[in-house]
Amino acid sequence: MGNSRIEQIIEEIEDYIDTCKGPLLGSADKIIVNRERMEELLRELRMKTPEEIKRYQKVLANKDAILADAQQKAEAIIAQANLQNQELVNEHEIMQQAYEQANQVIDMASSQAQEILNNATRDANEIRLGAIHYTDEMLANLQDMVQKLVDSSNSRYEAMITNLQDFYNVITSNRAELLPQPEAEPEEIPEEQ
């Protein structure tokens with residue numbers, strides 16, 4: 001199977017991520033992405049996924065056509081064998097020979113029909129397994145990409161909260177230095193009566 005549009009979009013996302021730069025102050029494994037560009041690629045990926053699945057469903061539907069064709073061929077062979085059998089039986093001089101030949105023809109036709117059905121079923125199953133494996137591979141790639149985006153977003157969010165907390169602590173410290181608070185006198189505890 002050639003490259004699908006889903007594979008192309010995933011490659012575009014990977015290429016785009018490779019072009020993204022990291023923040024000025026931060027670790028080398030973090031990048032800044034353009035939200036619109038990333039959402040555009042993900043939106044197209046979301047739209048193309050059902051098309052790919054339909055394409056594989058169409059391939060699976062061919063299994064029924066293959067089996068129907070095999071069944072038709074098998075029935076034609078058996079019908080031909082039965083016709084030959086009838087013609088041979090009608091000739092009294094070779095009735096016994098006709099009977100034996102007809103049985104051989106029917107056995108051969110049944111064997112050929114079974115072989116055609118077996119081959120068609122095997123081919124159809126291989127197509128179906130290939131389609132399932134391919135779709136699972138695409139979904140696994142998508143799952144991995146989304147997980148990376150989630151992990152990256154969580155890291156950036158935690159870093160932002162840490163920076164805000166540090167900034168808040170500096171402000172609090174500066175205020176305390178500017179206006180030192182007088183020590184509060186301990187409150188008197190009323191005596192029990």
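Helices here are DSSP runs of H or I with at least four residues, strands are runs of E with at least two, and both are numbered from the N terminus. This is a predicted model, in which local features need pLDDT of at least 70, side-chain atom pairs count only at pLDDT 80 or more, and totals for chains, interfaces and linings use all residues. Residues are numbered from 1 along each chain as its sequence is written, and side-chain values use heavy atoms, leaving out hydrogens and water.

**View 1. Arginine 35 and glutamate 39 form a salt bridge in helix α2.** Welcome to the first pair: the N to O distance is 3.7 Å (a salt bridge puts a side-chain nitrogen of Lys or Arg within 4 Å of a carboxyl oxygen of Asp or Glu). The two residues are separated by about one helical turn because they sit four residues apart in helix α2 (residues 35–90). Arginine 35 is exposed at 63% relative accessibility, while glutamate 39 is partly exposed at 37% (buried is under 20% relative accessible area, exposed over 50%, partly exposed in between, with a 1.4 Å probe and protein chains only).

**View 2. Aspartate 144 and lysine 148 meet in helix α3.** Their salt bridge spans 3.3 Å, N to O. Both lie in residues 95–178, four residues apart, about one turn of the helix. Aspartate 144 is partly exposed at 40%, and lysine 148 is exposed at 55%.

**View 3. Arginine 122 pairs with aspartate 123.** This salt bridge has an N to O distance of 3.7 Å. Arginine 122 is partly exposed at 43%, as is aspartate 123 at 34%.

**View 4. A network of salt bridges links Arg5, Glu12, Arg37, Glu40 and Glu44.** The count of salt bridges comes to eight.
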